[in-house]
Amino acid sequence: MLGYATRKLLISVVVLFFATLVAFLLVATVDPIAEQRVFLLSQPGGAEQIDRLEASLGLDRPLIERYGSWLGDMFAGEMGTSTDNGRAVTTLLGEAIPVTLRLVIAATVISVILGVAVGVASAMRQYGKFDNISTFFAFLFFAMPVFWLGALLKDLGIRFNDWWGRRIFFTIGEQSPRLDADFWGTWADRAGHIILPALTLIAIQLAATSRFQRSAMLDVLGSDYIRTARAKGVPRRRVITHHALRNALLPVVSYTGLTFGTLIGGTVVTEVVFNWKGMGRLFLESLLNGDVAVTQGWLLAVGISVIIVNLLTDLTYGFLDPRVRDG
Amino acid sequence: MTGPANPKAEVPVLSVQDLEVVFPSTDGDVQAVRGVSWDIYEGEVLAIAGESGSGKSVSVMAALGLLPPSAQVSGSISYRGQDVTAMADKELEKLRGSAISMVFQDPMTSLNPVMAVGAQIAEGVRVHQRTKTAIARSKAVELLHLVGIPNASQRVDSYPHELSGGMRQRAMIAMAIANDPDLLIADEPTTALDVTIQAQVLDVLERAREAAGSALVVITHDLGVVARTAHRLLVMYAGRIAETGMADNVFERPAHPYTAGLLGAIPRLDATKGTRLMPIDGTPPSMLAPPPGCAFAPRCPRATEICSQETPELRPIGNQLTACHHAEDQYGEAEDV
């Protein structure tokens, strides 16, 4: 297991290197002074001005040299400042990452636990009442556009608040602005804000996870080693928990790892619908504003997150499956 | 012959009476087993032979309650006089793996890939004997040693993918005899293995059976496997018994054309040069709609009109029981050879 972990860690470092290269090239291949160039070329003495501009931005240096100094800056935490609002990229990321993580972790943990439970229960009585109902809802939520489900939940939340006469569900932002509360008060406020966007993500993730778990479980329950375990006289419950579940978790671990990595950078729709200032919003705004430093910093941060999540997925996989460890 | 002197005097370990198994399917009912009765007595080795789909595995799976829930089982299966088909899950679980245990065909897929083999053997011990983990583990080492796995104390922690097919089947056998069962059932124990190690595994199975003092049912399509070990032989065709008797008698003078056909299809070391193997023409019938009369009639060289009209009953011919309208002719001819 230790050898396997070391191997995976080394591979992660190599992948990280390529991630930085891609993040750099994606932005470096776009000419940041394209507009000025067109304007200046039509002016007398414009060519010299372009040269000066390029030199001040370091564009006259070879690409590999620029990459080297950019990488150095990144590791020193010098990610530049936003051209849009003049704030440091590290500060912007530092604000956005916790917001998104809170949402994504809450949604993923809940949807995995529920998804595994629903999937296993469905598989145990295939085409039973529970299986049919859960299949219906899985496809219903799977087919729903995220923005629509989000808007629907907002509407329901507001109606519920009106009916209750108290504000339980918050529909905008990740916490109340200028909130003056103690530790518990702050968390209660955050909980009120997170329920609806988390539900939006959970509904869709739960749909997928439960389907994956169901089919994996059905596969495993029909396998020869389950028959062997039963022939040994292992009680039914133990057959499920000790023999079937561990094998049937493998596909779900892969799936969860993949989606979690994507979600860190990509809850754009949910964040916009609920007005959360997370990573999705940050990326969208940086693109719309042509905010190169922010885009680059975002790419790097998401790249690193995905690599870390993949590493954790691989380690979980290795822990669950001895064949992977030795492979 | 090492079989019991007078089998009828004692209660059989397992008794199957008028067993019928039907699997409903979208195309209609598959009649996998159509009225089969047999007994096995203490210390006996019974071989059930037949082609794929003849119902040989299904009839023993039913005994352990391992058929899918959709299967419709009728008739009775009793273990030492207790009716197994009427047992609740809990009672059946107690029986499985302790009194009756099973070795399956494919050791590649029959072991849990994410559990060490020793842990899988120890689990069987702990489920039935409630011993401490350490004791169950040392029992697993002992069993692995017994089935001839070298370095058993290290191999106990190996995962199935780290072992060869033959080693895995040995581990399966170790698992099956962990609780000294009264009855060991081996379902095609060597079919998935290389020819070179089939004999070794059969030896291990025989040794394991002796160590556990159990009776053994070997299910096989390979009469070569049967010839080595079986006391009694039961030949199945299309869900029914074609012929049964002491193995030596049946081998020497088959009274059913199907048994004769199976024997004619095995290469023999003592055959004179130039002797050809005689394959049986045709394929077994569909069990969705088995033909009326004798199911073997369409492939049988001796078939006459009566064969496709009347189902032959098992009746004594020589020293065995045979279900064939022309058993006397077949039996008579075998004597001439």
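How many residues of chain A are in contact with how many residues of chain B? Before I answer, let me say that what we are looking at is a predicted model, and that everything I describe should be taken in that light. In this model, 20 residues of chain A are in contact with 25 residues of chain B. On the chain A side, the elements that give two or more residues are α9, residues 224–231, α10, residues 236–266, and α14, residues 322–326, and the largest share, 7 residues, comes from α9(A). If we sort that side of chain A by class, we find 7 nonpolar, 5 polar and 8 charged residues.

Let me stay with chain A and turn to its overall build. Chain A has 14 helices and 0 strands, so that reading from the N terminus onwards one meets α elements throughout. As for its dimensions, a compact globule of 327 residues would have a radius of gyration near 20 Å, whereas chain A has 25 Å, and its C-alpha trace spans about 90 × 60 × 40 Å along the principal axes. Buried residues make up 31% of the 327 residues in this chain, and, among its contacts with a separation of 6 or more, 73% are between residues 24 or more positions apart.

As a single example from chain A, consider A:V15, which lies in helix α1, residues 2–28. Is A:V15 buried or exposed? The answer falls between the two, because A:V15 has 14 other C-beta atoms within 10 Å and therefore counts as partly exposed, given that 20 or more would make a residue buried and 12 or fewer would make it exposed. A:V15 and A:L282 are 267 residues apart in sequence, and their C-alpha atoms are 24 Å apart in space.

Now to chain B, where 8 strands form an open sheet with mixed pairing, in the order β6-β7-β8-β3-β9-β10-β12-β11. The edges are taken by β6, residues 100–103, and β11, residues 315–317, of chain B, and since each has a single partner strand, one side of each is left without a neighbour in the sheet. On average, neighbouring strands of this sheet are turned by 20 degrees against each other, with direction ignored.

At the β6 edge, β6(B) pairs with β7(B), residues 183–187, in the parallel sense over 4 bridges, and within that pairing B:I100 has B:L183 of β7(B) as its bridge partner. Helix α6 of chain B, residues 165–176, lies across β6 and β7 of that chain, running at about 175 degrees to β6(B).

Technical notes
Residues numbered from 1 in each chain as written. Chains lettered and ligands numbered in written order. Predicted model: local features only at pLDDT ≥ 70, side-chain atom pairs only at ≥ 80, totals over all residues. Contact = placed C-beta atoms within 7 Å. Nonpolar A, V, L, I, M, F, W, Y, C, P; charged D, E, K, R; others polar. Pairing = 2+ DSSP bridges. Axes fitted to C-alpha atoms, helices over the stretch in contact; angles between N-to-C directions. Rg over C-alpha atoms; globule rule 2.2 N^0.38 Å.
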